[in-house]
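User: I should like to examine a protein together with its ligand. Please show the sequence and the structure.
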Amino acid sequence: MSKIVLIGANHAGTAAANTILDNYPGNELVIFDRNSNISYLGCGTALWIGRQISGYEGLFYCSKEKLEAKKAVVHMETEVNRIDFAAKKVYAKDSGGKEIVEDYEKLIIASGSLPIAPKIPGLDLPNVEFVKLFQNGQKINAILDKPEIKNVAVVGAGYIGVELAEAVRRRGKNVLLFEAENTSLASYYDDWFTGDMDKVLADNGIELHFGELVKEFQGNGKVEKVLTNKGEYPIDLVIMGIGFRPNSTLGNGELETFANGAYKVNLKQETSKAGVYAIGDCATVYSNAVENSAYIALATNAVRSGVVAGHNAGGTPLESAGVQGSNGICIYNYKMVSTGLNLRAAEKAGYTPVYTQFEDTQKPAFITENNDKVKIRIVYDKNTRRILGAQMASYQDISMGIHMFSLAIEEKLTIDKLKLLDIFFLPHFNQPYNYITMAALTAK
Ligand SMILES: Cc1cc2nc3c(=O)[nH]c(=O)nc-3n(C[C@H](O)[C@H](O)[C@H](O)COP(=O)(O)OP(=O)(O)OC[C@H]3O[C@@H](n4cnc5c(N)ncnc54)[C@H](O)[C@@H]3O)c2cc1C
């Protein structure tokens, strides 16, 4: 039986805590989180702000009370500011300024990530907002309630920027979406897909400023203007969404880190110090697609890493299977899902990527309702024919197919393995020649 200290109780921390409390009840678990709430589903922020759900109340699935009921000691609004790895002690301060010192036998760091704040003049002006915490969502929601807020700049057209652009547009505001790349979602999808998403955004009245670099915010008392390398725009609110960086200062140079500062972990989520685990957005993942450590900040990865660390800290050795970075997005009902590497990422990882693709209606032509086009691209390595990634899109929900590709990448299957795979047919779901089969069969 061990004394385990856990720093951070959002998605990764909650998963680790529940794994320990449910499976290893004899351990002592002490949890610190500097926030006043835990388990906030950031993915719901855009739905809540865009009024697609009735409120934020359902966006939490755990609480201090739930963890305490399982006998954890939980310190909320208490920030850990130092770890003495040699003495195995954690130093924290609560919101009243009281210092709390806890010793540990095993330590799990789940301190997550922070929004990237570029060095842009005017970033600290009022009404320049970031999207991460529940409190950020509350603030943006309240600002959008003001009728004088008419023009909103969203900076970054990754999945968070695109979701927020839709949400703010649904609130009746003029939305200008700024992105340095020439398309939205460039990290996850090839042009064949991002072109569709860009059209969906534009068709719904979002002003796209792609290939445009935001240089400065100006204003008197609050933000009033965005300056880019191409122009100047009057603006009442800026929402920053250019990505996240690991929150990993507690390691204090004593834990080995990845290129972006994330704690480097092995498949057991253990850092370079024995008995010290790092999970979720503050840590690396093992990418089966690149066959190396990577940084992929997703709640799904956070939860899985929490389960793995929970078992290892609890006493049962368990290794992660690695991840593929599977992700999905749904904007104005247009759905895109992907896993593994797109062409650009595959090239960057040193492969010689080629692809096969197919597009048709999802179901036979005699199905006249709920039958839309589906498009699929499978990226594979020219030399080994190993599947490296897949992308799919439709107005229909075709999302479940992507999980098969996730497993294919994990299992290192070749494109040829999919050609005659037993894929069922029923007109309600697909065509006799399924789009996955067709894409695989036509692979050169
Ligand atoms: C708007 C938005 C939408 C998203 N949508 C999706 C989605 O659809 N799907 C998906 O998979 N992912 C999504 N994500 C990403 C997902 O939210 C993150 O990957 C996930 O929150 C990571 O969980 P985590 O527990 O590792 O870190 P975090 O959520 O960053 O939590 C870290 C916790 O540690 C605490 N903490 C930090 N430092 C200290 C300290 N020194 N002392 C005490 N406590 C500390 C913090 O208060 C926090 O509670 C989204 C993120 C955002 C912002």
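User: How far does a backbone N or O atom of Val 80 lie from a nitrogen atom of the ligand?

Analyst: This is a predicted model, in which local features need pLDDT of at least 70, side-chain atom pairs count only at pLDDT 80 or more, and totals for chains, interfaces and linings use all residues. Residues are numbered from 1 along each chain as its sequence is written, and side-chain values use heavy atoms, with hydrogens and water left out. Val 80 is among the residues that come nearest to the ligand. From its backbone N or O atom to the ligand nitrogen, the distance is 2.9 Å.

User: How much of the ligand does the protein bury?

Analyst: Areas come from the Shrake-Rupley method with a 1.4 Å probe. Taken alone, the ligand exposes 1,000 Å². Of that area, the protein buries 91%.

User: Which class has 15 residues in the shell around the ligand?

Analyst: Ala, Val, Leu, Ile, Met, Phe, Trp, Tyr, Cys and Pro count as nonpolar, Asp, Glu, Lys and Arg as charged, and the others, Gly among them, as polar. The shell has five charged and twelve polar residues. The class with 15 residues is nonpolar.

User: Which side chain of opposite charge is nearest to Asp 381?

Analyst: Asp 381 is buried (under 20% relative accessible area, 1.4 Å probe, protein chains only). Lys and Arg count as positive and Asp and Glu as negative, while His and the chain ends are not counted. Asp 381 has no salt bridge (a side-chain nitrogen of Lys or Arg within 4 Å of a carboxyl oxygen of Asp or Glu). At 7.1 Å, the nearest side chain of opposite charge is Arg 386.

Methods
Near = heavy atom within 4 Å. Polar contact = N/O pair within 3.5 Å; in protein donor to acceptor, adjacent residues only side chain to side chain. Buried < 20%, exposed > 50% of the residue type's maximum accessible area, 1.4 Å probe, protein only.
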